[in-house]
Amino acid sequence: MSEIPPSPDDEADVDREIRIEKMRRELDELAGGSVISGGFGDVPPTIEEAFLSRACAFERAELDTNFNRLVQHGIAMEPPDELDDAMLSARLQDMLPVLEDMHCFVEHTDHLSDRELYTWLWADGLREETPDLAEVGGAWHTSPIGSCDDKDTVIFLKYYANEDERRRWHEQFPDDVLPPHQPLPYDRDRNLPRPKIS
């Protein structure tokens, strides 16, 4: 009696499992050891494959800073102390749409003046090396309170946290002083570019 040949779907599943295993090995090699990740649980293998494919592309990509990419896009990035207030505000307006094209999105800035924001972007916010997400896909979110250190947490609680977030924080950290809520001194964030959801 002859065996029943495998169905095309079974062959596709086997091929997918082989691709998934190859990508896991590649990620281990790129990481210089074993990649530790959570399990995928009950997700279809197609989703796991798509995730691992994106992770491999991200890890393979060449790194550069968004600061350098802005310069390559023709945005002059002078030191903040070389710009008067009008020039500095204009530079921010030139910079933000280019950052959007680069898939870099700035958040939580309404507690900063234009000068403070530009200074943070110039000195820190755009200096981390990242893949070119316009090519790889995805989005890079950067925030002057993104380090989540004590100072950033106080700023978040003071300006950005809603009453429920403030209440939960106080319940979790009753010994910490909860700063009084203050209105944001600037109104920029609602007009900043946001990632497009597809």
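Here is a short conversation about this predicted model, its confidence, its rings and its buried residues.

Trainee: What ground rules apply here, and what average pLDDT does the protein have?

Mentor: Residues are numbered from 1 along each chain as its sequence is written, and side-chain values use heavy atoms, with hydrogens and water left out. As the model is predicted, local features need pLDDT of at least 70 and side-chain atom pairs count only at pLDDT 80 or more, while totals for chains, interfaces and linings use all residues. pLDDT is the predictor's confidence in each residue, from 0 to 100. In this protein 91% of the residues score at least 70, and the average pLDDT is 89.

Trainee: Which element has the highest mean pLDDT?

Mentor: Elements are DSSP runs numbered from the N terminus: helices (H or I, at least four residues) and strands (E, at least two). Helix 1 (residues 8-31) has the lowest mean pLDDT, at 80. The highest, 98, belongs to helix 5 (residues 114-125).

Trainee: Why is the pair of Phe67 and Trp122 given the geometry class it has?

Mentor: Rings of Phe, Tyr and Trp (its six-membered ring) pair if their centres lie within 6.5 Å; planes under 30 degrees apart count as stacked, over 60 as edge-to-face and the rest as tilted. There are two aromatic pairs by this rule. For Phe67 and Trp122 the centres are 6.1 Å apart and the planes stand at 80°, so the pair is edge-to-face.

Trainee: Where in the chain do those two rings sit, and how many residues apart are they?

Mentor: The pair links distant parts of the chain. Phe67 is in helix 3 (residues 66-72) and Trp122 in helix 5, with a separation of 55 residues.

Trainee: Is Phe67 buried or exposed?

Mentor: Buried means under 20% relative accessible area, exposed over 50%, and partly exposed in between (1.4 Å probe, protein chains only). Trp122, at 23%, counts as partly exposed. Phe67 has 9% relative accessibility, so Phe67 counts as buried.

Trainee: Which residue lies over the face of Phe67?

Mentor: A charge sits over a ring if NZ of Lys or CZ of Arg is within 6 Å of the ring centre and within 35 degrees of the ring normal. One residue lies over the face of Trp122 at 4.8 Å from the ring centre, namely Arg127. Over the face of Phe67, at 3.6 Å from the ring centre, lies Arg127.

Trainee: Which element gives the largest share of the largest nonpolar core?

Mentor: A nonpolar core is a set of buried Ala, Val, Leu, Ile, Met, Phe, Trp, Tyr and Cys residues joined through side-chain atoms within 4.5 Å. This one has 21 residues, and Met95 is among those that touch the most other members. Helix 3, helix 4 (85-101), strand 2 (104-106) and helix 5 each give two or more residues. The largest share, six residues, comes from helix 4.

Trainee: Which residues does Met95 touch, not counting those up to four places away in sequence?

Mentor: Contact means heavy atoms within 4.5 Å. With that exclusion, Met95 touches Leu70, Met77, Tyr118, Leu121 and Leu126.

Trainee: Where is Ala161, and how far in space is Ala161 from Cys104?

Mentor: Ala161 is in the loop between helix 7 and helix 8, and counts as buried at 2% relative accessibility. Leaving out residues up to four places away, Ala161 touches Phe156, Arg166 and His181. Cys104 is 57 residues away in sequence, and the C-alpha to C-alpha distance is 23 Å.
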